[in-house]
Amino acid sequence: MDDESYPKTLYVGNLSRDVTEILILQLFTQIGPCKSCKMITEHTSNDPYCFVEFFEHRDAAAALAAMNGRKILGKEVKVNWATTPSSQKKDTSNHFHVFVGDLSPEITTEDVKAAFAPFGKISNAHRIGQELEG
C-alpha cells in the first residue's frame, strides 16, 4: 500500500488549557512515532486544539481509534482527520449544467441566457457552433 496518498495528520480538539505539546506527544507516541505536534491556543474564547502528524498512516489511524473520546486532564478530547481548505470539496449542490441542442441558427448566447434567467443566477453560457453558423 502506498502510504503517501493516505492522511497522516490528526486534529485533536476540546483540550484543557493545561495540555501542552509535550504531553500530547508523550501520549500519542505510545501509539506510533510522531513527526510533529502544533498547539493552537490563540483563540481566547475557544478551547485549545492541536495537530499531530505521524510518519505513517497506520499509526495515525490507530491513534484516531484509540484517542477519540478519551479524557486528557479531565476533558474528553475529539480526534478527527485534519483537513486543509484545499481538500474540502466546494459546495456544488446548487450548481447545474444544462445542455440545449437543436437550436435554430438565429438563437444567440444572449437568447439562451435570457431564456434561463428566471431560474436563477447563470455563471456561464456558451452557444456551441454559433461561430460556424453565422
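In which sense do strand β1 and β3 pair, and over how many bridges? In this predicted model, strand β1 (residues 9-13) and β3 run against each other in the antiparallel sense, and four bridges join them.

**View 1. The whole chain, with its helices and strands.** The predicted chain holds four helices and six strands, which follow one another along the sequence in the pattern β-α-β-β-α-β-β-β-α-α. Of its 134 residues, 24% are buried, and its accessible surface comes to about 9800 Å², with 52% of that surface belonging to carbon and sulfur atoms. Where contacts link residues at least 6 apart in sequence, 57% of them join residues at least 24 apart.

**View 2. Strand β3 and its two pairing partners.** Strand β3 pairs in the antiparallel sense with β1 over four bridges, and it also pairs in the antiparallel sense with strand β2 (residues 34-40), in this case over six bridges. Within these pairings, T9 stands opposite E53 in β3, while C37 stands opposite V52 in β3.

**View 3. The two faces of strand β3.** Along residues 49-54 the side chains of β3 alternate, so to speak, between two sides: C50, V52 and F54 point to one face and are buried, whereas Y49, F51 and E53 point to the other face and are not buried.

**View 4. The largest nonpolar core.** In soluble globular proteins, nonpolar side chains tend to be buried together. Here the largest nonpolar core has 19 residues, and I24, F28 and V52 are those with the most contacts inside it. The elements β1, α1, β2, β3 and α2 (57-67) each give two or more residues to this core, and the largest share, four residues, comes from α2. With neighbours within four places in sequence left aside, I24 is in contact with L15, V19, C37, M39, C50, V52 and I72; V52, one of these partners, is also the residue of β3 that stands opposite C37.

**View 5. S16 in the loop after strand β1.** S16 lies in the loop between β1 and α1 (21-28), and it counts as buried because its relative accessibility is 9%, under the limit of 20%. A polar atom of the S16 side chain lies 3.1 Å from the backbone nitrogen of D18. When residues up to four places away in sequence are not counted, S16 touches P48, I72, L73 and K75; I72 is also among the residues in contact with I24.

Note on methods:
Residues numbered from 1 in each chain as written. Predicted model: local features only at pLDDT ≥ 70, side-chain atom pairs only at ≥ 80, totals over all residues. Heavy atoms only, no water. Buried < 20%, exposed > 50% of the residue type's maximum accessible area, 1.4 Å probe, protein only. Pairing = 2+ DSSP bridges. Polar contact = N/O pair within 3.5 Å; in protein donor to acceptor, adjacent residues only side chain to side chain. Contact = heavy atoms within 4.5 Å. Core = buried A, V, L, I, M, F, W, Y, C linked by side-chain atoms within 4.5 Å. Areas by Shrake-Rupley, 256 points an atom, 1.4 Å probe, with all protein chains shown as cover.
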